[in-house]
Amino acid sequence: MIGVVAMNPAGCIGEAGRLPWHHPEDLQFFKRTTLGGTLVMGRVTWDSLPRRPLPGRDHVVLTRDPDAFREEGAVATTPEGLDAALAGLKRPVFVIGGAQIYDLLFDRIDEFLVTRVLDEAPNGDTFFSRPLAPAFRLVSTEVLSPACTVERWQR
Ligand SMILES: NC(=O)c1ccc[n+]([C@@H]2O[C@H](COP(=O)([O-])OP(=O)(O)OC[C@H]3O[C@@H](n4cnc5c(N)ncnc54)[C@H](OP(=O)(O)O)[C@@H]3O)[C@@H](O)[C@H]2O)c1
């Protein structure tokens with residue numbers, strides 16, 4: 001599984017149920033990276049997608065109550081049902097957040113793609129909670145723009 005996350009220097013990833021910033025170059029990076037694969041996300045992140053499902057990708061939504069999930073375009077499951085839900089879906093599998101789901105699946109993630117954004121987010125309320133090192137090591141960086149640099153971390 002590949003984790004994909006954008007965070008600022010304080011580790012902030014979200015604010016009031018959405019991204020705290022708007023960087024089209026990072027959204028394009030996300031699209032070209034994940035196209036053709038499966039996105040695993042928490043139910044709050046699914047709700048935050050402006051357009052759902054995202055074209056060209058399969059979607060798995062983690063929720064404690066899959067029976068209550070009524071939306072089309074995603075498979076809803078508990079963590080216990082995740083592997084069964086992923087069987088037959090597109091590869092690779094990307095874990096796209098939010099904070100609860102990075103934490104939940106951290107030990108199963110082989111690689112993280114981390115976009116470092118420079119924005120301050122004074123009202124940010126959701127934070128990436130795990131240090132990447134020493135479990136992961138930084139293997140490359142790619143500058144997307146003056147505001148965004150992608151780091152690739154491998155276990
Ligand atoms: N910067 C980034 O890269 C990035 C990426 C993704 C999201 N975000 C932001 O992060 C925020 C959302 O993150 P979040 O941490 O609040 O929510 P989240 O991780 O997206 O989703 C949380 C939900 O996942 C389900 N869940 C969590 N643990 C579970 C477990 N053990 N078993 C079953 N289901 C479980 C629950 O759904 P139910 O309530 O349905 O049970 C829970 O409410 C938003 O602001 C979003 O925009 C940022």
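Select Leu105 first: leaving aside neighbours within four places in sequence, this residue is in contact with Met1 and Val95. Leu105 belongs to helix α4 of what is a predicted model. Is Leu105 buried, exposed or partly exposed? With 18 other C-beta atoms within 10 Å, Leu105 is partly exposed, since burial requires 20 or more. For a sense of scale, display Leu19 as well: Leu19 and Leu105 are 86 residues apart along the chain, and their C-alpha atoms are separated by 21 Å.

Remain in helix α4 and select Tyr102. Tyr102 has 21 C-beta neighbours inside 10 Å and therefore counts as buried. Beyond the residues up to four places away in sequence, Tyr102 touches Gly3, Val5, Val95, Gly97, Phe128 and Arg130. By contrast, Leu89 is 13 residues from Tyr102 in sequence, yet the two C-alpha atoms are 20 Å apart in space.

Next, display the ligand and its surroundings. Which residues are closest to the ligand? They are Gly14, Gly42, Thr45, Gly97 and Gly98, within a shell of 27 residues. The elements that contribute two or more residues to this shell are β1 (2-7), β2 (12-14), β3 (38-42), α2 (43-48) and α4 (99-105). Colouring the shell by residue class gives 12 nonpolar, 11 polar and 4 charged residues.

Two of the closest residues deserve a further look at the backbone. Gly97 and Gly98 are joined by a cis peptide bond, with omega about 0°. Gly98 lies in the loop between β6 (93-95) and α4. A cis peptide bond also runs from Arg52 to Pro53, with omega near 0°; Pro53 is located in the loop between α2 and β4.

Now show the strands. In what order do the 8 strands of the open sheet lie? The order is β5-β4-β3-β6-β1-β7-β10-β9, with mixed pairing. At the edges stand β5 (75-77) and β9 (137-145); each has a single partner strand, so one side of each is left without a neighbour in the sheet. From one strand to the next, the twist averages 25°.

Within this sheet, select β3 together with β4 (residues 58-62), which pair in the parallel sense over 5 bridges. Strands of a sheet pair through backbone hydrogen bonds, either parallel or antiparallel. To locate one bridge, pick Leu39, whose partner in β4 is His59.

Keep β4 selected and inspect its two faces. Of its 5 residues, 5 are buried. Asp58, Val60 and Leu62 are on one side, with His59 and Val61 on the other, and both faces are covered.

Proceed to the largest nonpolar core, a group of 33 residues. Which of its residues touch the most other members? They are Met7, Val40, Met41, Val61, Phe94, Val95 and Ile96. Val61 is thus both a buried residue of β4 and one of these core residues. Select Met7 to see its surroundings: not counting residues up to four places away in sequence, Met7 touches Cys12, Ile13, Val114, Arg116, Val117 and Phe128.

The final stop is Ala16, in the loop between β2 and α1 (24-34). Phi of Ala16 is near 50°, a positive value in a residue other than glycine. Ala16 is exposed, because 10 other C-beta atoms lie within 10 Å and a residue with 12 or fewer counts as exposed.

Note on methods. Residues numbered from 1 in each chain as written. Predicted model: local features only at pLDDT ≥ 70, side-chain atom pairs only at ≥ 80, totals over all residues. Near = placed C-beta within 6 Å. Helix = DSSP H or I, 4+ residues; strand = E, 2+ residues; numbered from the N terminus. Nonpolar A, V, L, I, M, F, W, Y, C, P; charged D, E, K, R; others polar. Core = buried A, V, L, I, M, F, W, Y, C linked by C-beta atoms within 7 Å. Contact = placed C-beta atoms within 7 Å. Pairing = 2+ DSSP bridges. Axes fitted to C-alpha atoms, helices over the stretch in contact; angles between N-to-C directions.
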